[in-house]
Amino acid sequence: LIMSGLLTRKTLSMAVADEIATFAIRSCKLRGFKPISVCVMDSSGSEIVTKRMDGCPPTAYPKMSRAKAITCISTGQSTRAYGEKYLRGKDGGDVGPSTFVRL
């Protein structure tokens with residue numbers, strides 16, 4: 001049987017997703033940021049890799065990183081584009097970590 005109309009899509013391998021998460025954590029450490037959680041998903045919104053830095057709150061932060069990833073997938077934006085569009089101060093300027101509520 002020959003089936004037509006099958007769709008194929010490219011996706012990240014677990015190795016590449018792990019590299020992305022590891023790089024994000026390494027970048028935060030180098031910049032002296034507080035501990036974060038990173039969630040890397042495929043284009044359908046399935047988690048591939050989730051990592052939490054030592055000292056990162058174990059419940060809230062992984063949920064927030066997952067929600068951010070799902071939002072970016074749903075809107076078709078990168079996290080950088082999402083931040084540039086939605087994370088602005090009242091004056092329209094960039095916001096920093098001190099702007100966000102700490103849990």
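K51 sits partly exposed in this predicted model, with a relative accessible area of 24%. That is over the 20% below which a residue would be called buried, so K51 falls in the class between buried and exposed. Its partner is D18: the two form a salt bridge, and their closest N and O atoms are 2.8 Å apart. This pair ties together distant parts of the chain, with D18 in helix α1 and K51 in strand β2 (residues 47-52), 33 residues apart. D18 is partly exposed too, at 31% relative accessible area.

How many salt bridges does the count come to? It comes to 2. Besides D18 and K51, the side chains of R66 and E47 meet in a salt bridge, at 2.5 Å from N to O. Here again distant parts of the chain are linked: R66 belongs to helix α2 (residues 60-75) and E47 to strand β2, 19 residues apart.

Here are the salt-bridge residues side by side:

| Residue | Relative accessible area | Class |
|---|---|---|
| D18 | 31% | partly exposed |
| K51 | 24% | partly exposed |
| R66 | 35% | partly exposed |
| E47 | 40% | partly exposed |

Now for something without charges. L12, V16 and I20 make up a nonpolar patch on the surface, and together they have about 210 Å² of accessible area. One of them, V16, lies in helix α1 (residues 14-31). Why can V16 be part of a patch? Patch members need over 30% relative accessible area, and V16 is partly exposed at 35%, so it clears that cut-off.

Definitions and conventions: Residues numbered from 1 in each chain as written. Predicted model: local features only at pLDDT ≥ 70, side-chain atom pairs only at ≥ 80, totals over all residues. Heavy atoms only, no water. Patch = residues over 30% accessible without salt bridge, like charges linked within 9 Å, V, L, I, M, F, W, Y side chains within 5 Å. Areas by Shrake-Rupley, 256 points an atom, 1.4 Å probe, with all protein chains shown as cover. Salt bridge = Lys/Arg side-chain N within 4 Å of Asp/Glu carboxyl O. Helix = DSSP H or I, 4+ residues; strand = E, 2+ residues; numbered from the N terminus. Buried < 20%, exposed > 50% of the residue type's maximum accessible area, 1.4 Å probe, protein only.
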